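I opened the notebook today to look up one strand and its surroundings, and then one loop residue. The entries follow the order in which I checked them.

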Amino acid sequence: MVRLKDIAEKVGVSISTVSRVINHDDSRRISEETKQKIWQAAKSLNYHATSTANSKARTRTRNHSTPVSTHAIGCILSLPDNKYNHPYFSPIIQGIEAKLLEAGASLAFLHTQAELKSPVLFESLLQSYQLSGIICVEGMKPALYKWLKERVPNIVGIDLADPTVPVISYDRMNAARVAVGHLIQNGHRRIGFIGGKGLLGQLEREKRYRGYRIALEEAGCELNPNWVVDAEWDADRSYDGMKQLVKLEDRPTAMFCASDMMAIAAMRAVAEEGMSIPSDIAFIGVDDIEFAKYSSPPLSSIHIPKYEMGYAAAKALLDGLTAPYPTPFRMLLPFELVVRESTNSQGAS
């Protein structure tokens, strides 16, 4: 019989490291490279995991009379890393866990898409936990998502583009229109954009960009392609892109950023050039993360009900386990414009 020690020796790591990876224990950080090596070694040695999560699930079954406590529920995030301390995703996770706790249940696992690149790990998850349901937060690569749907009976999405499953979301396009509309109401006509492509790989099809474009068209404002920065949802790229944009002779007087993280990075670039916010360039973001009110100056943003989306998604999944929905639905939660000092009242033309 293959032991954890055999895998550890093959990979060149400690037995405790192998145990954490095999049992999906995230209490200590282990690099993705090491995880992949461990799963590949486990597969080559024909190791069959007896996950501690199974024993935990059995314990929950004995200790709770509520039927949902017997179900294993997982969560997959559209993130490369930093799943436990992300300003946007963390409140969503808190909402999910709060609702599950009310029902006497808990997450069997929480993984990012980056962690699931290994098909060995992915298949091991399903075999170890015998999953009843998964909450998918934002998009997944089509092949991975198709494979998942074929093996997990209940899926609920948060901001997921799948009309065949229940989805909890907010109106991204209209949120962008409201944000850009606020800038226009403040007198701005030259408004730039910082964002990224969606899963479809086309900026023109990303909803927040479409909302930005529609708002400009409705107000008769110019959409200058030189003012559009595809930062690929990365704060460093937003910073670099803004550094180049402020050097333009004909630069915008305001920026709509599709996330607060990109907005704060871009604001830093403007401040380093000796320019004033909002007098020289105004900024508004989307998400209203906790840090937005502490940026310099405090960032105007569109408040997204992150915790509530997580809570509603968990409720939808739990309800579906006991009484399956006759048809899929899409629930849109309300957003709110939060005005702070990064946008001015007089504007510029």
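**Entries on β3 and Ser295**

I began with the side-chain directions in β3 of this predicted model, and found that Gly133, Ile135 and Val137 point one way while Ile134 and Cys136 point the other way, all of them buried. This fits the general expectation that side chains in a regular strand alternate between the two faces of the sheet. I then looked at the strand as a whole, residues 133-137, and noted it as mostly covered, since five of its five residues are buried.

Next I asked which strands pair with β3. On looking, I found that β1, residues 73-77, runs parallel to β3 and is joined to it by five bridges, with Ile73 having Gly133 as its bridge partner. I also found β4, residues 154-158, paired with β3 in the parallel sense over five bridges, and here Ile134 has Ile155 as its bridge partner. Following the chain through helix α7, residues 142-149, I recorded that β3, α7 and β4 make a right-handed β-α-β unit.

I turned last to Ser295, which I located in the loop between β9 (282-287) and β10 (300-303). Is Ser295 buried or exposed? Its relative accessible area is 8%, and because the cut-off for buried is under 20%, I entered Ser295 as buried. Its side chain reaches the backbone oxygen of Pro297 at 2.8 Å. Leaving aside residues up to four places away in sequence, I noted that Ser295 touches Ile264 and Met267.

Methods
Residues numbered from 1 in each chain as written. Predicted model: local features only at pLDDT ≥ 70, side-chain atom pairs only at ≥ 80, totals over all residues. Heavy atoms only, no water. Helix = DSSP H or I, 4+ residues; strand = E, 2+ residues; numbered from the N terminus. Buried < 20%, exposed > 50% of the residue type's maximum accessible area, 1.4 Å probe, protein only. Polar contact = N/O pair within 3.5 Å; in protein donor to acceptor, adjacent residues only side chain to side chain. Contact = heavy atoms within 4.5 Å. Pairing = 2+ DSSP bridges. Right-handed = clockwise from strand over helix to strand, strands pointing away.
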